[in-house]
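Colleague: I would like to learn how to read this fold. Where should we start?

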Amino acid sequence: MRNYDRYRKTTAEEYDKKTVMSYFCRVPSDRKIIPLLSEIKDKRILDVGLGTGCYSRILAKNNSVVGLDRNPHLCKLPIKVYKGDATELTRLVQGEKFDMVVSMWMTEYLDQEQLSGFFAESKKILNDTGRLMTTVISRYGFGYIYIAAAKLLRGIDKYNYGRKQIIRMLKDAGLAKIEIIALNSWLHIPWAYMVIAE
Ligand SMILES: C[S@@+](CC[C@H](N)C(=O)[O-])C[C@H]1O[C@@H](n2cnc3c(N)ncnc32)[C@H](O)[C@@H]1O
């Protein structure tokens, strides 16, 4: 079973239930993520791995948003959602171009080859000045614990990456103007990064 397949039978209501990890990690991260997303205006955006669409809902207030997910049944927002994999964006969107590719809490499902593929595919579907904005789980602190716990307690393979590794993969994909912002958890313990590239 692939790691994302566990959402196949999950309902949107079940998915949105908060866990201890959400309070320790996602809630503090959202204090940085939500202001960043709220200032984006008048863009055509692809939200990859949008899940129930909690960030698409914010983006859709001032932008035109399309989603893409392996499990599109999770999204109840009235937006178009492509069903498919983050490593096959060009095939799925068939010539559509975007000002931004946004992907929150999805890259932890991608191994190194898939993550490189996702970066390369994002570059291909972005306009010349388009930007990729994605979260990546850190190798340290809660990032380390989260990945180890997924494997030990649930047998799920998830992936975390270091800053240098992320930068190298972005550059290999042809992306530049790279910005990496730390998304710390409760008590400022390392947890993840917000990665922005053009
Ligand atoms: C943890 S959820 C995050 C959902 C949403 N972005 C959020 O932050 O609430 C991860 C989502 O990514 C999707 N996903 C995982 N691997 C994927 C892949 N390779 N391609 C496309 N979607 C994927 C899952 O189906 C799920 O909806």
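**Reading strands, a helix and two loops**

Modeller: A right-handed β-α-β unit is formed by β1, helix α3 (residues 54–59) and β2. Keep in mind that this is a predicted model.

Colleague: How many bridges join β1 to β2, and in which sense do the strands run?

Modeller: Five bridges join them, and the strands run parallel. For one register point, find D47: G67 in β2 stands opposite.

Colleague: Which residue of β4 is the bridge partner of I45?

Modeller: M100 is the partner. β1 and β4 pair over three bridges, in the parallel sense. β1 is also mostly covered, with four of its five residues buried.

Colleague: Now helices. How do I read α5?

Modeller: In an α-helix there are 3.6 residues a turn, so residues three or four places apart point the same way. Helix α5 spans residues 112–125, 14 in number. From first C-alpha to last it reaches 20 Å, close to the 20 Å expected. Its buried residues are L115, F118, F119, E121, S122, K123 and I125.

Colleague: What do the buried residues of α5 pack against?

Modeller: They pack against β1, α4, β4, β5 and α7.

Colleague: Which loop holds D42?

Modeller: D42 sits in the loop between α2 (20–38) and β1. Its phi is positive, about 55 degrees, although D42 is not a glycine.

Colleague: Is D42 buried or exposed?

Modeller: Count neighbours; 12 or fewer means exposed. D42 is exposed because 8 other C-beta atoms lie within 10 Å.

Colleague: And where is Q94?

Modeller: Q94 lies in the loop between α4 and β4. Phi of Q94 is positive too, near 45 degrees, and this residue is not glycine. Q94 is exposed, with 8 other C-beta atoms within 10 Å.

Methods:
Residues are numbered from 1 along each chain as its sequence is written. This is a predicted model: local features need pLDDT of at least 70, side-chain atom pairs count only at pLDDT 80 or more; totals for chains, interfaces and linings use all residues. Helices (H or I, at least four residues) and strands (E, at least two) are DSSP runs, numbered from the N terminus. The expected span of a helix is 1.5 Å times one less than its number of residues. A residue is buried if 20 or more other C-beta atoms lie within 10 Å of its own, exposed if 12 or fewer, and partly exposed in between; C-beta atoms are placed from the backbone. Two residues are in contact if their C-beta atoms, placed from the backbone, lie within 7 Å. Two strands pair if DSSP finds at least two bridges between them. A crossover is right-handed if, with the strands pointing away from the viewer, the path from the first strand over the helix to the second runs clockwise.
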